[in-house]
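Trainee: I am new to this structure, so please take me through it one question at a time.

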Amino acid sequence: MKEKIESLRKHLHEVKIESAEQLEAYRLEYLSKKGKIQELFGEFKNVAAEEKPLVGQWVNQLKNQAQELFDRVKDEFSNQNDQSEKKEDLSRPAFLPYQGARHPISLVRKEIIDIFNRIGFVISEGPEVEDDFHVFTALNFPPEHPARDMQDTFFIEKNPDFVLRTHTSSVQARVMQSQKPPIRTISPGRVFRNEAISARAHCIFHQVEGLYIDKNVSFADLKQTLLYFAQEMFGKDTQIRLRPSYFPFTEPSAEMDVSCNICGGKGCNVCKYTGWLEILGCGMVDPNVLTNCGIDAENYTGFAFGMGVERIAMLKYQVKDLRLFFENDKRFLNQFIGAY
Ligand code: PHE
């Protein structure tokens with residue numbers, strides 16, 4: 001009896017169950033009513049009375065051991081089945097890692113740059129803290145011009161000869177000083193004006209300004225270049241109109257409107273029922289500016305233009321409040337995920 005128990009115990013250690021059929025065969029062999037363990041219980045009556053407690057214990061242990069093995073393997077099998085039923089669809093596209101979004105100002109800035117790159121304008125950059133000469137004097141601002149006033153300009157306290165640039169025209173003054181025509185350049189960058197923050201104005205914003213200087217550059221060139229830009233930016237049906245205006249550094253000067261991209265010019269609340277939206281200032285570079293920057297104004301002419309990136313972005317994405325661009329509210333920024 002003892003040997004029988006011992007050899008069964010050994011068997012239980014060695015038994016391999018790898019399929020449902022093998023599990024069933026195991027159950028029949030060991031655990032069923034005609035199985036080997038039940039057989040031991042049958043033989044139990046032949047065990048000498050004084051050995052009964054000990055042998056009984058052994059047989060019970062063996063039975064538990066056999067039952068545990070059965071339960072464990074059955075569990076494993078049923079887990080495997082669960083998994084195979086929930087099998088993933090391997091052809092399903094993967095979840096993309098969350099990457100955030102480009103900022104709408106970056107998107108529009110890039111789009112403006114790309115449009116002018118296509119027609120040969122190269123990027124120039126310059127300092128944000130700039131001297132008075134490049135921001136004002138070179139650009140023909142008279143000494144009493146209101147734009148020099150404390151109300152508009154952030155001056156550097158320690159040296160009021162330095163300011164935070166109020167426009168990126170300062171970069172163009174530097175380009176004119178250091179390069180010879182033909183010059184075809186755009187200067188994207190941050191600018192600063194001492195203005196109260198509201199839905200339509202901010203003390204920091206972004207500009208892209210452009211400059212083209214060569215022999216025989218005319219107002220017609222300016223118009224055609226800006227028409228190209230407007231139609232690339234707002235669609236092929238976009239029309240432009242130029243209204244006379246004034247800037248110290250251009251003569252003649254104009255402000256440009258595009259036909260409203262929301263209503264197509266019919267009139268809506270975005271264009272205030274005029275059918276037009278103002279997007280930039282422009283004009284022929286004043287000969288004084290060319291002279292101030294060392295370019296021969298007898299032989300060369302040029303045009304210049306400048307636009308606010310926030311303004312274009314507001315029109316393009318129909319954003320009603322400029323402050324949204326600066327608050328970095330994820331609910332706003334997440335709307336630009338996937339835009340390039
Ligand atoms: N510098 C002007 C501004 O900041 C824009 C402009 C640039 C106008 C070039 C005319 C020509 O508003």
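Trainee: Which residue follows α10, and what is its phi?

Mentor: This is a predicted model, in which local features need pLDDT of at least 70 and side-chain atom pairs count only at pLDDT 80 or more, while totals for chains, interfaces and linings use all residues. Residues are numbered from 1 along each chain as its sequence is written, and side-chain values use heavy atoms, with hydrogens and water left out. Helices (H or I, at least four residues) and strands (E, at least two) are DSSP runs numbered from the N terminus. Helix α10 covers residues 309–317, and the residue that follows α10 is Gln318, with a positive phi near 55°.

Trainee: Which residues of α10 are buried?

Mentor: Buried means under 20% relative accessible area, exposed means over 50%, and partly exposed lies in between, with a 1.4 Å probe and protein chains only. The buried residues of α10 pack against several elements, among them α5 (104–118), β5 (204–214) and α8 (219–234), where contact means heavy atoms within 4.5 Å. The buried residues themselves are Val309, Glu310, Ile312, Ala313, Met314 and Leu315.

Trainee: Which residues other than glycine have a positive phi in the loop between β5 and α8 and in the loop between β7 and β8?

Mentor: Most residues other than glycine have a negative phi, and most peptide bonds are trans. In the loop between β5 and α8, the residue with phi near 60° is Asn216, which counts as exposed because its relative accessible area is 72%. Lys272 is also exposed, with a relative accessible area of 58%, and its phi is about 55°. Taking the loops in the order you gave, the residues are Asn216 and Lys272.

Trainee: Which residue does a cis peptide bond join to Pro181, and to which residue does the cis bond from Glu251 run?

Mentor: The bond at Pro181 has an omega of about 0°, and its partner is found in the loop between α7 (169–178) and β4. The bond from Glu251 has omega near -5°, and it leads to a residue in strand β7. The two residues are Pro182 and Pro252.

Trainee: How many salt bridges does the model hold, and how far apart are the closest N and O atoms of Lys4 and Glu43?

Mentor: Side chains of opposite charge can pair when their charged atoms come close. A salt bridge here is a side-chain nitrogen of Lys or Arg within 4 Å of a carboxyl oxygen of Asp or Glu, and the count comes to 18. In the pair formed by Lys4 and Glu43 the closest N and O atoms are 2.6 Å apart, and the pair links distant parts of the chain, with Lys4 in helix α1 (residues 2–14) and Glu43 in helix α3 (residues 36–43), 39 residues apart. The values you asked for are therefore 18 salt bridges and 2.6 Å.

Trainee: Which residues are joined with Arg243 into one network by salt bridges that share partners?

Mentor: Arg243 lies in strand β6 (residues 240–247), and its side chain meets that of Asp257 in a salt bridge (2.8 Å, N to O). The pair links distant parts of the chain, since Asp257 is in strand β7 (residues 250–259) and Arg243 is in strand β6, 14 residues apart. Asp257 is buried, at a relative accessible area of 3%, whereas Arg243 is partly exposed, at 27%. The residues in the network with Arg243 are Arg241, Glu255, Asp257 and Glu278.

Trainee: How far from Asp286 is the nearest side chain of opposite charge, and whose is it?

Mentor: Asp286 lies in the loop between β8 (276–285) and α9, and, not counting residues up to four places away in sequence, it touches Asn140, Pro248, Phe249, Thr250 and Glu251. Lys and Arg count as positive and Asp and Glu as negative, while His and the chain ends are not counted. Asp286 is buried yet has no salt bridge, and the nearest side chain of opposite charge is 13 Å away, that of Arg148.

Trainee: Which residues does Asn292 contact, leaving aside its neighbours within four places in sequence?

Mentor: Asn292 is found in helix α9 (residues 287–292), and it counts as partly exposed because its relative accessible area is 34%. Its C-alpha lies 23 Å from that of Asp152, a residue 140 places apart in sequence. Its contacts beyond those neighbours are Phe133, Thr137, Ala138 and Asn140.
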